[in-house]
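Subject: Structure handover

Hello,

Here is the structure I said I would pass on. My notes on it follow below.

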Amino acid sequence: MKKHSARVAPLSACNSPVLTLTKVEDERSHDSPAPAEAQAQAGVEAGGRGSRCCWKCSIAQLKKFFWGVVVVLGVCSSWSISTQLAKLTFRKFDAPFTLTWFATNWNFLFFPLYYIGHLWKSAVKQYPQQRYRECCQFFGDNGLTLKAFFTKAAPFGVLWILTNYLYLHAIKKINTTDVSVLFCCNKAFVFLLSWIVLRDRFMGVRIVAAILAIAGIVMMTYADGFHSHSVIGIALVVGSASMSALYKVLFKLLLGSAKYGEAALFLSVLAVFNILFVTCIPVILYFTKVEYWSSFDAIPWGSICGFSVLLLTFNILLNFGIAVTYPTLISLGIVLSVPVNAVVDHYSSGIDFNSFRVIAIVIIGLGFLLLLLPEEWDEWLIKLLTRLKVRKKEEIPEGNGDIVSGLQNKSRRTRPSMSSFSH
């Protein structure tokens, strides 16, 4: 009891708890709004911020989708028109390796074009030497040395040349529709190599896509009756797709991921390798008359330069389009080039697409689209299904409640009241 009396001392009128609480409430009422008003104000501010955030997010997504449509159309048009131009070029200039060499030299423009974009977009401007030194760190701590050039750039230069040469050589053998659709199999080859070499996550749907791609290749071969001419062309395209897949997987294995400036410098270095070490091959092919042309005036420079510019545009959009849109949309441009080439082949060359060829195109296209699914697609699908189930469960009790309340109101209206029988 002594302890309790020490804690609770007798209070006088001046320090009574009722008066103290009243004073505090009066001070709070003058300084800040009431709790209900404060909560309402906070809710309005939070709602305003949320609506602003949603508005900004929706505008950003719309911009990204708009640029995605632009990039898709650019990828589709550049890839399909360059393929058609290559087909037209070979009618007057039958030299696929020389055309590959000439178009690869244009890759030298990658880094200068990137630096122009850096000056236009970046807040902190750098001199070309400074930007070059920073991007050279991609090849190692010592930068772009002679050893790094031969060990990290030269092998990819060889794969780049093989990919483009096999693709162009296949255009001479078969129509452009078959070439473009068969090259779409490179995404399936990338998955298989990544699964084997890089130990990427196993996905059943991508295995199905790879099987569809292989089935499409077999059906495409069967559509032409296994003729030697078409079989060689199909083999060349499959080889080109394989080289492209090997390029991508080895790049990820040996060099990892690259920033925009590093990727631009790397592609320009491939052009330097092409100029220094591959130039001798077109010269040898010319003097051995494997790829021979009568005079330089007979070379269709317009179509050759047009093909090179379109191929450069395609590679720019493919490598740097991710800066403005989603990677999936960029890949869709390659698939859309197939029907474009099919329409052009049908009206320009009169190519008849039989049922086997159409089925093969559809199968390969379906496999390509399955490979575009993200790795977490199954988790997203499960979440979507669970949300739909929860909504259905919430809607059913509400509907039953409305029915029950309606029946109760109806029974009340039909039940006779005691006041009607009173006298």
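**Two packed helices**

In this predicted model, helix α6 (residues 128–136) packs with helix α12 (residues 260–278) at an angle of about 90°, and their axes are 9 Å apart. That angle makes α6 roughly perpendicular to α12, because 65 to 115 degrees counts as roughly perpendicular.

Which residues meet where α6 and α12 touch? From α6 they are Tyr132, Cys135 and Cys136, and from α12 they are Gly261, Glu262 and Leu265. By type, the residues of this contact are four nonpolar, one polar and one charged. The charged one is Glu262 and the polar one is Gly261.

**Helix α12**

Helix α12 has 19 residues. From its first C-alpha to its last α12 reaches 26 Å, close to the 27 Å expected at 1.5 Å a residue. Of those 19 residues, 14 are buried, so α12 is largely enclosed by the rest of the structure.

**Helix α14 and phenylalanine 320**

Helix α14 covers residues 301–320, which is 20 residues. Its reach from first C-alpha to last is 28 Å, close to the expected 28 Å at 1.5 Å a residue. The buried residues of α14 include Ser303, Ile304, Phe307, Ser308 and Leu311. Leu310, Leu312, Phe314, Asn315, Leu317 and Phe320 are buried in α14 as well.

Phenylalanine 320 lies in α14. Is this residue buried or exposed? Its relative accessible area is 18%, and the cut-off for buried is under 20%, so phenylalanine 320 counts as buried.

What does phenylalanine 320 touch, once neighbours within four places in sequence are left aside? Its contacts are Phe110, Tyr260, Ala263 and Ala264. Tyr260, Ala263 and Ala264 fall within the residue range of α12, 260–278. Phenylalanine 320 and isoleucine 330 are 10 residues apart in sequence, and their C-alpha atoms are 10.0 Å apart in space.

**The chain as a whole**

The chain contains 17 helices and zero strands. It has 423 residues, and 38% of them count as buried. The area the chain exposes is about 26,000 Å², of which carbon and sulfur atoms supply 67%. Among contacts between residues at least 6 apart in sequence, 82% join residues at least 24 apart.

Regards

Notes: Residues are numbered from 1 along each chain as its sequence is written. This is a predicted model: local features need pLDDT of at least 70, side-chain atom pairs count only at pLDDT 80 or more; totals for chains, interfaces and linings use all residues. Side-chain values use heavy atoms; hydrogens and water are left out. Axes are lines fitted to C-alpha atoms, for helices over the stretch in contact, and angles run from 0 to 180 degrees between N-to-C directions. Helices (H or I, at least four residues) and strands (E, at least two) are DSSP runs, numbered from the N terminus. Angles under 35 degrees count as roughly parallel, over 145 as roughly antiparallel, 65 to 115 as roughly perpendicular and the rest as oblique. Contact means heavy atoms within 4.5 Å. The expected span of a helix is 1.5 Å times one less than its number of residues. Buried means under 20% relative accessible area, exposed over 50%, partly exposed in between (1.4 Å probe, protein chains only). Accessible areas come from the Shrake-Rupley method with a 1.4 Å probe; for residues, only the protein chains shown count as cover.
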